[in-house]
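Here is a walk through one protein model and the ligand it holds. The text takes a helix, then a glycine, then the ligand site.

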Amino acid sequence: MEQYDLIVLGGGPGGYRTAERAAEEGFKTVLIEKLRVGGVCLNEGCIPTKAYLNSAKIYRHALEGGAFGVIADGIRLDHGKALEHKNKVVSALVSGVEAMLKSKNVTIVRSQGMITGKENGNFTVAVGDTVYAAPRLVLATGSEPVILPLPGVKEGLASGFVMTSREILDMQALPASLAVIGGGVIGLEMACYFATAGVKVTVIEMLDKIAGATDEDFCARLMKRYRKMGMEFKLSCKVASVGTDSVTYEDAGGMQTVRADKVLLSIGRRPVSKGIGLETIGVATLRGAVTTDDRMRTNIAGVYAVGDVNGKLMLAHAAYREADVAVNHMAGKSDRMRFEAVPNVLYTDPEVASVGDSVASAKAKGLDVRAVSLPMNLSGRYLAETERGDGLCKMVVENGTNRVVGAHLMGAYASEIIYGAAMMIETQLPVDTLREIVFPHPTVSEILREALFAL
Ligand SMILES: Cc1cc2nc3c(=O)[nH]c(=O)nc-3n(C[C@H](O)[C@H](O)[C@H](O)COP(=O)(O)OP(=O)(O)OC[C@H]3O[C@@H](n4cnc5c(N)ncnc54)[C@H](O)[C@@H]3O)c2cc1C
């Protein structure tokens, strides 16, 4: 039996951040990861998709450079090179995280772990014939794609005709056409890359809008831009089956079929909570997600759950912060997870970034709010750098307290500046105080300043 102070099950952002912070706090820590350290985020999620989207962005900038006085001929997007770049970035980051963990004296075990019970105050996790024991256990097993139980899907996955976000990221050659089932963040980011690369993309979405909970005004603008890229949308359409070269869906007019060379299934993800031995220690779950409080504690003392496995917010940066909260609790420090100011980003072209409430969600909570909506063109930098000019900034403020409760941005750099709005929400400073902040000029971030003064 190998004795530790803490066992971390799963080496994604939730798990490796927990191990890093716990080791810094002096806990002897073992991290058990069955595939690659870095988890979905580094290996098959956040990072690889952004590497591809950057290739698409550079390509589009080159194509559209004429308007800015940059003329280039014979431009093409070489998917093989983009894949190579993606793999290099992933390898560099995975090695970096492993090196960081080793430097903190975290033991990394590269194999599947199974919780086996609790003995003498220690939780036990078996990895093959070795048993690891510790009085604390952090569940960080992440999530996996939801697979539609529809005719043809299983066979399609087996033949390679249907892919999840995992397989599509390693596709060697571009298909001529791609049907994307699910118009949420993952589906749209993939659709954006492949459409830019010249693939005929059709997005089939069950709802009457794309991009999940994104503000309606932004969705309409996004659709317009995506359509210009050649993407086609089938909204309010329910997929019924998958054939060998097509997808059949139902719309108001009945059954329809779209032909495709490949299909991406991106209808959501579910927590990995089955088959890891939770029942042996009695950890409670709700609809497959491990239930936790705002300290990331489960119902079993000494057991925490961070990241996608708790189903709260399936985002890498949420997992990171939850890891900090869990370790702080273990170390006896006061901390709690707050979800009010966790940004959400869609990294397509254009980018959409939002944090906090929309007017609708604020009103649904009973808040009395006012909002302002400004074109991003008010930012000189934005105008100088973009020819399209359809970017938008919305800010939502609570009347009475005069505090920012939501901010929504569409356009270049949105992902990079949204944290500024997150700080406005998190610090709860009133608008009058926030107006004293000096923003660098010229930057796109100045749009937030404009919004503060327009409220
Ligand atoms: C295509 C795609 C794009 C995304 N883009 C973004 C983005 O831009 N921004 C963002 O914030 N989020 C993004 N996400 C979501 C993000 O990847 C997840 O929220 C994040 O990875 C969750 O971290 P985690 O540590 O909870 O779990 P994961 O990253 O899923 O890691 C869990 C790890 O646990 C391991 N594991 C599971 N069971 C066991 C076991 N029994 N024994 C040992 N190891 C085990 C798994 O192998 C895995 O490595 C994206 C996801 C996808 C799929």
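Helix H12 covers residues 414–427, which makes 14 residues. At 1.5 Å a residue the expected span is 20 Å, and the end C-alpha atoms of H12 are 20 Å apart, so the two values agree. The model is a predicted one, and the distances given here are computed from it.

One set of residues in H12 is buried: Ala-414, Ser-415, Ile-417, Ile-418, Ala-421, Ala-422, Met-424 and Ile-425. These buried residues pack against four strands and two helices: E22 (344–346), E23 (352–356), E25 (392–398) and E26 (403–410) are the strands, while H13 (431–434) and H14 (446–454) are the helices. After H12 comes Gln-428, which has a positive phi, near 60°.

The next stop is Gly-12, in the loop that runs between strand E2 (6–9) and helix H1. Is Gly-12 buried or exposed? Its relative accessible area is 11%, and because the cut-off for a buried residue is under 20%, Gly-12 counts as buried. Leaving aside residues up to four places away in sequence, Gly-12 touches Arg-17, Glu-33, Gly-38 and Gly-39. Gly-12 also illustrates how the fold brings distant parts of the chain together: Thr-141 is 129 residues away in sequence, yet the two C-alpha atoms are 7.7 Å apart.

Glu-33, one of the contacts of Gly-12, leads on to the ligand. Glu-33 is among the closest of the 38 residues that surround the ligand, together with Gly-14, Lys-50, Asp-308 and Ala-316. Sorted by class, this shell holds 14 nonpolar, 17 polar and seven charged residues.

Which helices and strands supply at least two residues each to the shell? They are helix H1 (13–24), strand E3 (29–33), helix H2 (39–44), helix H3 (46–63) and helix H9 (316–330). H2 gives the most, with four residues.

Backbone atoms of the protein also approach polar atoms of the ligand. A backbone N or O atom of Pro-13 is 3.3 Å from a ligand oxygen, and a backbone N or O atom of Cys-41 is 3.2 Å from a ligand oxygen. At Cys-46, a polar backbone atom lies 3.5 Å from a nitrogen atom of the ligand. On its own the ligand has 1000 Å² of accessible area, and the protein covers 94% of this.

Definitions and conventions:
Residues numbered from 1 in each chain as written. Predicted model: local features only at pLDDT ≥ 70, side-chain atom pairs only at ≥ 80, totals over all residues. Heavy atoms only, no water. Near = heavy atom within 4 Å. Polar contact = N/O pair within 3.5 Å; in protein donor to acceptor, adjacent residues only side chain to side chain. Areas by Shrake-Rupley, 256 points an atom, 1.4 Å probe, with all protein chains shown as cover. Nonpolar A, V, L, I, M, F, W, Y, C, P; charged D, E, K, R; others polar. Buried < 20%, exposed > 50% of the residue type's maximum accessible area, 1.4 Å probe, protein only. Contact = heavy atoms within 4.5 Å. Expected span 1.5 Å × (residues − 1).
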